[in-house]
Amino acid sequence: MEYKMILTPEEEAILNGSQGETMAKVIKTLILYGETFGAKRFVDVTAPGHVVTSFGISVMSPVFNITQELIDAGLKAKAPFTVDPRPIDYANVKCNPIEKLIFSKILYGEQARYEAQLRKLGLKDQNAFTCACYLDQVGNTPKKGDILSWAESSAVVYANSVIGARCNRNSGIIELFGMILGKVPEFDLLTDEDRKAKWIIEVKTSKKPEAQVLGSAIGLKVMEDVPYIKGLNQFIGTTLDDETKSYLKDMGAATASNGAVGLYHVENLTPEAVEFGEDIINKDAKVYVIDDAELERVKASYPVMWKDPNGKPDRCFIGCPHLTYAQLGEWTDKFEAELKKQGKTKVGMNTIMTTAPDVLEAFKAGDKAHYDKLVKMGIHLTSICPLMYMNNPLCGKKNVITNSNKLRTYTTSRYYTNNEICEIAVKGEI
Ligand code: F3S
């Protein structure tokens, strides 16, 4: 078969079986994937990978079969990789006995087998389960200009935008193949041309916009295009410090899930906006103005998916994407102030914060005062993915509230801003 991608002699040899039949299938799949999107060649992956499929859900046997074929062929990722969060944590996310039985025996019955497979393929360690793999404590932090083979949308948009690495919004398994071959087809966000902005977003709000609503508005408008955001510096500054990076993490995840944004630029802040200024905006870029009324309109458009819209909330999830170390401290202070305001000592409903295992360990050891306060307030800390936890008929029936626009988009959970959710979680009702 003739391919349009130009292959090096080494790539040609791999395709012809020099590294075995399975590796030939890996490169062939990546060639077909690349050609679909107009790639002309492969480029080397220059930083560790991140796998999006983290759950051993029984219906995914094709994934486990492919993974096993890679292992049987002696293949491994070129560098130790991280993976998205686990779906369950019985110790910190309570389940009734029936739920536990269904989770462990039916839904996620393949979890242990799949994790064993990931270890054989080069999983970094037991703490590698987080979508925020780029956080300092986790250590899978690419450098500007690195080429990545990732698929997790919130991590891809962060790496591209905040770090200036280069990664497409790949799918699961494709990203694993890229990290095994050590090469990815070059197209879209890997090229200078396609990293240019097709939209100018003018933020004209009266106060700092809620990150998750701003990201939602941008994503819903620009879909998969690259936006250049102006007017945000007045609220979040021009330095990529911990607070600003946390804000961009949350905003970016909403752009990537409410739309399909893989890269955004923020004027005077993100690396390529700083380097190229307005030269990174396409000449014919469209303009979208976001003011207070527009944010209100977007927020009001979210459907309420609860069976009884007037029902009581059962559970509150905060931390999708996983919270940073700084955010854990900020949320502790926020809850402490709200409890004081409402004259209480404990939250009024099952409240769960999610963060990376490495961040949680660092927080427990490094900020014991805040950690102890959280525990005393009745807040649970875990490292699961709330989306994986909710994406089944059992949990889908629960009245879940969240401050995550990604979780809202993919589940029946109901979105509230950070202030709103803190007040509701303490009160125990809406
Ligand atoms: Fe992370 Fe799961 Fe949310 S992977 S971004 S916690 S949906």
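In what order do the four strands of the open sheet stand, and is the pairing parallel or antiparallel? The legends below take up this sheet and then move on through other parts of the predicted model.

**View 1. A four-stranded open sheet.** The strands follow the order 7-6-5-8, and their pairing is parallel. Strand 7 (265-266) and strand 8 (281-290) are the edge strands; each has a single partner strand, so one side of each is left without a neighbour in the sheet. Look next at strand 5 (residues 197-203) and strand 6 (residues 227-230), which are joined in the parallel sense by four bridges. Within this pair, I201 sits opposite I229 of strand 6. Helix 8 (residues 211-222) packs on the sheet, where it touches strand 5, strand 6 and strand 8. The direction of helix 8 makes about 130° with that of strand 8.

**View 2. A five-stranded open sheet.** Here the order is 11-10-9-12-13, with parallel pairing. At the edges you will find strand 11 (379-382) and strand 13 (414-415), each paired on one side only. Strand 10 (residues 350-355) and strand 11 run parallel and are joined by four bridges. One residue to pick out is T351, whose bridge partner in strand 11 is I379.

**View 3. Three domains.** The domain assignment divides the protein into domain 1 (9-190), domain 2 (195-300) and domain 3 (315-427). Between the C-alpha centres of domain 2 and domain 3 there are 25 Å. Their contact draws on 14 residues from domain 2 and 19 residues from domain 3.

**View 4. The shell around the ligand.** The residues around the ligand are D84, P85, C131, E152, S154, C320, P321, C385, P386, L387 and K406. Strand 9 (315-323) and helix 16 (386-390) are the elements that each give two or more residues to this shell. By class, the shell holds seven nonpolar residues, one polar residue and three charged residues. Both domain 1 (9-190) and domain 3 (315-427) contribute residues to the shell, so the ligand lies between them.

**View 5. A closer look at K406.** This lysine belongs to helix 18 (residues 405-410) and is one of the residues around the ligand. Its relative accessibility is 11%, so K406 counts as buried, the cut-off being under 20%. Which residues is K406 in contact with, leaving aside its neighbours within four places in sequence? They are E152, S153, S154, Q212, S257, N258 and C320. Among them, E152, S154 and C320 also appear in the shell around the ligand.

Conventions
Residues numbered from 1 in each chain as written. Predicted model: local features only at pLDDT ≥ 70, side-chain atom pairs only at ≥ 80, totals over all residues. Heavy atoms only, no water. Pairing = 2+ DSSP bridges. Contact = heavy atoms within 4.5 Å. Axes fitted to C-alpha atoms, helices over the stretch in contact; angles between N-to-C directions. Near = heavy atom within 4 Å. Nonpolar A, V, L, I, M, F, W, Y, C, P; charged D, E, K, R; others polar. Domains from an automatic or database assignment. Buried < 20%, exposed > 50% of the residue type's maximum accessible area, 1.4 Å probe, protein only.
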